[in-house]
Amino acid sequence: MTSEFDLIRRYFTRPASRTVLGVGDDAALVRVAAGRELAVSTDMLLAGRHFLFEDDPFALGHKALAVNLSDMAAMGATPRWALLSIALPEVNERWLSRFTEGWFALADQQGVALIGGDTTKGPLTLSVTIMGEVAKGQALRRSGAKVGDEIWVSGTLGDAALALAYLQRRIQIAPHDAAVLLPRLHAPTPQVKLGQKLLGLAHSAIDISDGLLADLGHILELSGVGAQICVAALPVSENVRGYLHDEVARNAVLAGGDDYELCFTAPAKQHDAIVRMGRRLKLPLTCIGEITRQRKLVVLDENNHPLTLKEQGFDHFA
């Protein structure tokens, strides 16, 4: 019978860069560079809640790390180390092999070392803690938005949520659109480079995990400000645009989660610099509104009339 320690040695133990001591002891030891601060975040993914049991384990390995890298991106941090705790209903070595292939493919791309964690038997659950470095006092925060800031988002919105709605049979979409949208749900791209480039330009940032309205709302609450955004300005892919006549697709853009793009605010004087940065990164960056003094979020339709919205975003306990 394969033991817990056999699994750890076979699938999770690798040389760890920038690490004093990694997997195999009671705790890992890491050394943070002088003048840097440690950014730490954790996320839990549960089968049946955050992913489907039949999902490709390679894509799941990628996503388990990607959603945590997205938190580092939102802080402008450089990701360095990760801890992975995993509960498995049974030992399935083919599944584990594919899962760790997906994990380490992204980890190697981003320079992240797996330095510890835990394994146990139980309902399929993934818990990841990620750590990164950021210059002292420079991390982007949700609480930094200022009146007059422009509000920006990266990439396109609603792709992942529309893909999920398709899997849940809440909407019918064409096969060629599904082929483009499903990877956005199963293998999101964390905008780590963008987050690092925003240091010194942006006042606040958050990653879009629970939906634009909900996540922008966190910035507004913690910054003590309001916002006005325009539906016509929201960036959507051609694969989503053709379905905006359907309420499910419209909600996916405004309130759908899992895109893991960045929403950030920056002073208007930085507008041209941000546009140039997007071109250098080959990443669409779109200004969708501005921060206001009145402490509420106003969403304007195509005719500049305020919308009454039913959905605000994903609630883990709803």
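This report describes a predicted model of a protein, going from its confidence values to its sheets, its salt bridges and a few single residues.

**Confidence**

The mean pLDDT of the protein is 88. Of its residues, 88% reach a value of 70 or more. One stretch falls well outside that range: over residues 314–318 the pLDDT stays under 50. For this stretch the model has nine contacts beyond four places in sequence. Where pLDDT is low, the predicted coordinates should not be read in detail.

**The four-stranded sheet**

One open sheet has four strands, arranged in the order β3-β6-β4-β5, and its pairing is mixed. Strands β3 (36–46) and β5 (113–121) form the edges. Each of these two has a single partner strand, so one side of β3 and one side of β5 have no neighbour in the sheet. From one strand to the next, the twist averages 15 degrees.

Within this sheet, β4 (residues 78–88) pairs with β5 in the parallel sense, and eight bridges join the two strands. On the β5 side, A113 is the bridge partner of W81. Helix α3 (residues 93–110) packs on the sheet and touches β4, β5 and β6. The direction of α3 makes about 170 degrees with that of β4.

Helix α2 (residues 57–75) also belongs in this picture, as it lies across β3, β4 and β6 (125–135). The angle between α2 and β6 is about 30 degrees.

**The six-stranded sheet**

A second open sheet, of six strands, has the order β8-β10-β7-β11-β9-β12 and again mixed pairing. The edge strands here are β8 (204–207) and β12 (297–300). Each has a single partner strand, so each has one side without a neighbour in the sheet. On average, neighbouring strands of this sheet are turned by 25 degrees against each other, with direction ignored.

The edge strand β12 pairs with β9 (residues 226–230) in the parallel sense over four bridges. One bridge partnership joins C230 to L300, the latter in β12.

**Salt bridges**

Side chains of opposite charge can pair when their charged atoms come close. The structure holds eight salt bridges. Among them are the three in this table.

| Salt bridge | N to O distance |
|---|---|
| K63 and D258 | 3.9 Å |
| R98 and E101 | 3.2 Å |
| E261 and R184 | 3.4 Å |

What do K63 and D258 tie together? K63 lies in helix α2, while D258 lies in the loop between α9 (247–255) and β10 (262–266), so their salt bridge links parts that are 195 residues apart in sequence. Both K63 and D258 are buried.

The pair R98 and E101 sits within one helix. These residues are three places apart in helix α3, which means that about one helical turn separates them. R98 counts as partly exposed because its relative accessibility is 29%. E101 also counts as partly exposed, at 38% relative accessibility.

Where in the structure are E261 and R184? E261 is in the loop between α9 and β10, and R184 is in helix α5 (residues 175–186), so this pair connects parts that are 77 residues apart in sequence. E261 has a relative accessibility of 3% and therefore counts as buried. R184 counts as buried as well, with 16% relative accessibility. Salt bridges that share partners join D159, R184, D259 and E261 into one network.

**Cysteines and a buried serine**

The structure holds zero disulfides. Two cysteines can be described by their accessibility. C263 counts as buried because its relative accessibility is 0%. C287, at 26%, counts as partly exposed.

S70 is located in helix α2. Is S70 buried or exposed? Its relative accessibility is 0%, so S70 counts as buried. Leaving aside residues up to four places away in sequence, S70 touches P190, D207, Y260 and L262.

**Where the parts meet**

Helix α2 appears several times in this account. The helix lies across β3, β4 and β6, and S70 is located in α2. K63 in α2 pairs with D258 in the loop between α9 and β10. That loop also holds E261, the partner of R184 in helix α5.

Technical notes:
Residues numbered from 1 in each chain as written. Predicted model: local features only at pLDDT ≥ 70, side-chain atom pairs only at ≥ 80, totals over all residues. Heavy atoms only, no water. pLDDT = per-residue confidence, 0-100. Contact = heavy atoms within 4.5 Å. Disulfide = S-S within 2.5 Å. Buried < 20%, exposed > 50% of the residue type's maximum accessible area, 1.4 Å probe, protein only. Pairing = 2+ DSSP bridges. Axes fitted to C-alpha atoms, helices over the stretch in contact; angles between N-to-C directions. Salt bridge = Lys/Arg side-chain N within 4 Å of Asp/Glu carboxyl O.
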